[in-house]
Amino acid sequence: MATHPYELMYLVQPSADEERLTAIKDRLESTITTLGGKVEKVVPPMRRRLAYELGRHREGQYGVLEFQLPADQARELDRTIRLTEDLLRYIVVRRDE
């Protein structure tokens, strides 16, 4: 099965501690590998000031995952991400090869 390169950028609420951030990152990584993908690069969450207020938050913690995933599994990954608590926003984009 052909895989495609993707990038997931996610925003976690600023009150999340290091343990919670690690749990979120690990859950995302394990979901990708369970769906037949391969994580290539992980950028750990960094605290950043937001351009605009988002649900009472002026800051957030951004994390990025670059990975390969079969195209037919992208919808299942999106469903799993949507069910992850503590995520304020996320976006999955297909990278150019």
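The following exercises, each with a worked solution, concern a predicted model.

Local features in this predicted model need pLDDT of at least 70, and side-chain atom pairs count only at pLDDT 80 or more, whereas totals for chains, interfaces and linings use all residues. Residues are numbered from 1 along each chain as its sequence is written, and side-chain values use heavy atoms, with hydrogens and water left out.

**Exercise 1. Fold and dimensions**

Determine the order of the elements in the chain and assess its compactness.

Solution. Step 1: helices (H or I, at least four residues) and strands (E, at least two) are taken as DSSP runs, numbered from the N terminus. The chain contains 2 helices and 4 strands. Their order from the N terminus is β-α-β-β-α-β.
Step 2: the radius of gyration, taken over C-alpha atoms, is compared with the globule rule, 2.2 Å times the number of residues to the power 0.38. The chain has a radius of gyration of 13 Å, close to the 13 Å given by the rule for 97 residues, so it is as compact as a globular protein of that length.
Step 3: the C-alpha trace spans about 45 × 25 × 20 Å along its principal axes.

**Exercise 2. Contacts at long sequence separation**

State what percentage of the contacts between residues at least 6 apart in sequence join residues at least 24 apart.

Solution. Step 1: a contact means heavy atoms within 4.5 Å.
Step 2: of the contacts between residues at least 6 apart in sequence, 75% join residues at least 24 apart.

**Exercise 3. The surroundings of H57**

Locate H57, classify its burial and list its contacts.

Solution. Step 1: H57 lies in strand β3 (residues 57-70).
Step 2: buried means under 20% relative accessible area, exposed over 50% and partly exposed in between (1.4 Å probe, protein chains only). H57 has 15% relative accessibility and therefore counts as buried. In the chain, buried residues make up 37% of the 97 residues.
Step 3: leaving aside residues up to four places away in sequence, H57 touches Q13, P14, L50, Y52 and L88.

**Exercise 4. The aromatic pair**

Identify the geometry of the aromatic pair and the elements that it connects.

Solution. Step 1: rings of Phe, Tyr and Trp (its six-membered ring) pair if their centres lie within 6.5 Å; planes under 30 degrees apart count as stacked, over 60 as edge-to-face and the rest as tilted. The structure holds 1 aromatic pair.
Step 2: the ring centres of Y6 and F67 are 5.7 Å apart and the planes are at 20°, so the pair is stacked.
Step 3: because Y6 belongs to strand β1 (residues 3-12) and F67 to strand β3, the pair ties together parts 61 residues apart in sequence.
Step 4: Y6 is buried at 10% relative accessibility, and F67 is buried with a relative accessible area of 0%.
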